[in-house]
Amino acid sequence: MLDHAKKIHFIGIGGVGVSAIARMARLKGIKVTGSDISMSKMAERIQTIHGEIFIGHKRENLPQDADLVIYSPAITSDNPEMIYAKELNIPIYSYPEILGMISRDMFTVAISGTHGKTTTTSMLAELFIYGNLDPTVVIGGLLKKQEDNFVLGGSKYFIVEACEYKESFLNLNPNILIILNIDNDHLDYYKDIEHVKTAFKKLIEKVPDDGYIVYNGEDKNIVDVLKNAKTNAQKLNYLEAKAEIKIAVPGEHNLKNAKAAFTTARLTGLTENTALKILKNYTGTWRRFEFMGNTEKGALIYNDYGHHPTEIKATLKAMKEQYPSNKLIVVFQPHLFSRTKLLLDDFAKSFDLADEIIVTDIYAAREKDDKTISAEDLVKKIPLRQGSAGPVAKYVGSAIEIENYLKHNTNKDDIILFQGAGDVYKIGEEIISKSSRRQQ
């Protein structure tokens, strides 16, 4: 599809996924234009390779001679550029649909699961890149060493995250499917966990008879789905990997992710010794347990993208394993009104290992505020600690107030963790000391 186009317009070009396809197109010599509501790092990267970026969605942004329009799932049908593209009869495809077309022509390794997709994809990408398998990679974050969300390879291998939102992963055609976990999420679309499991069952049944399913044998939902799915693909429980895997990033969940990546890489012919050496040098990915620097007083600043209760628990557990005696202050930005409302009780219980919690306003993303849930509602739900003089959590809506509080109320070796999938990490960027900035 991309190879036959001369000019492609992208709506929502600054998003992590869509920007990867835009870069792929541009690196193939295709003219690229695109729009978004604001400039982002991803959009800036496209500008550096001579893509044209428009801020704001307007009818006139769309070139009349575009061969193709690709849009982010966050874009709605009333978008003026979408409407104009339909009037001009320009073919229109969603980001998931384009991923499916790419995967149709390549040997696809798809990484699925409610949590851990980006980390596992980045591990697998490093295994393939440094194992000289020359893959094409599309990832929902930035590969740390490449500082990129996209790698254009020359081999048959396509490594891609398989997102379950609105069953978009059913566009993919996986030869190898990794399933990390199945959990309650995206409940603005799915009715319940059984509905989520049904979607994964459909994905499993897309794996061909000569393909592989690499799965977490401890996850009861996965085991249940595999029992009911009609598939002849070979199934491998990656937790049964016998090799002694070592990685530089902390956390039991990251070690499990590494086992998934290791098991998959071995299926493609990478030797055990090579795989172990590459994993040993894995240092993480952007916004996943990422060390940002220190404050002027010496507090350590970390950033983590996790935005589901299960992810938050895993991150805090890993943080306490690495820093057992340090005070841990979490600045949490809930992501989506629907997720916060539906999982409110689970969120309230997910911060048990934090010493102090600051909750800021909900990041709306693709949703509108219906006034039925707020950050203050979450704060009220977080339980009091035994022996505590007052609540361990508080609501602070202003980024400036949070900055000032952290600058004046943290000490050397305190840990400040910015948690969430929105833009809360930008507060961390503002409080990094000048010496930390010089070292980066």
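1. Let's start with helix H4. The buried residues of this helix are Tyr95, Pro96, Ile98, Leu99, Gly100, Met101, Ile102 and Ser103. H4 spans residues 95–104, and eight of its ten residues are buried, so the helix is mostly covered, given that buried means under 20% relative accessible area. As you look at it, keep one rule in mind: an α-helix has 3.6 residues a turn, so residues three or four places apart point the same way. Please also remember that you are looking at a predicted model.

2. Now step back to the whole protein. How many helices and strands does the secondary structure come to? There are 16 helices and 18 strands. The radius of gyration is 22 Å, close to the 22 Å that the globule rule gives for 440 residues, so the protein is as compact as a globular protein of that length. If you would like a feel for its dimensions, the C-alpha atoms fill a box of roughly 65 × 55 × 45 Å along the principal axes.

3. What share of the residues is buried? Of the 440 residues in the protein, 57% are buried. The chain also brings together residues from separate parts of the sequence: among contacts between residues at least 6 apart, 66% join residues at least 24 apart.

4. The surface deserves a look too. About 19500 Å² is exposed, and carbon and sulfur atoms supply 47% of that area. As for charge, the protein has 56 positive and 57 negative charges, and their mean positions are 2 Å apart.

5. Next, find Thr114, in the loop between strand E6 (107–112) and helix H5 (117–130). Is Thr114 buried or exposed? Its relative accessible area is 5%, so Thr114 counts as buried, the cut-off being under 20%. The side chain of Thr114 reaches the backbone nitrogen of Asp183 at 2.8 Å. Leaving out residues up to four places away in sequence, Thr114 touches Glu164, Asn181, Ile182, Asp183, Asp185 and Glu311. Asp183 therefore turns up both in this list of contacts and as the partner of the Thr114 side chain, a contact being heavy atoms within 4.5 Å.

6. Finally, try Glu167, which sits in the loop between strand E9 (157–162) and strand E10 (176–179). Glu167 is buried as well, with a relative accessible area of 15%. Which residues does Glu167 contact, leaving aside neighbours within four places in sequence? They are Tyr189, Tyr190, His195, Ala199 and Lys202.

Conventions
Residues numbered from 1 in each chain as written. Predicted model: local features only at pLDDT ≥ 70, side-chain atom pairs only at ≥ 80, totals over all residues. Heavy atoms only, no water. Helix = DSSP H or I, 4+ residues; strand = E, 2+ residues; numbered from the N terminus. Rg over C-alpha atoms; globule rule 2.2 N^0.38 Å. Buried < 20%, exposed > 50% of the residue type's maximum accessible area, 1.4 Å probe, protein only. Areas by Shrake-Rupley, 256 points an atom, 1.4 Å probe, with all protein chains shown as cover. Lys, Arg positive; Asp, Glu negative; His and termini not counted. Charge placed at Lys NZ, Arg CZ, Asp CG, Glu CD. Polar contact = N/O pair within 3.5 Å; in protein donor to acceptor, adjacent residues only side chain to side chain.
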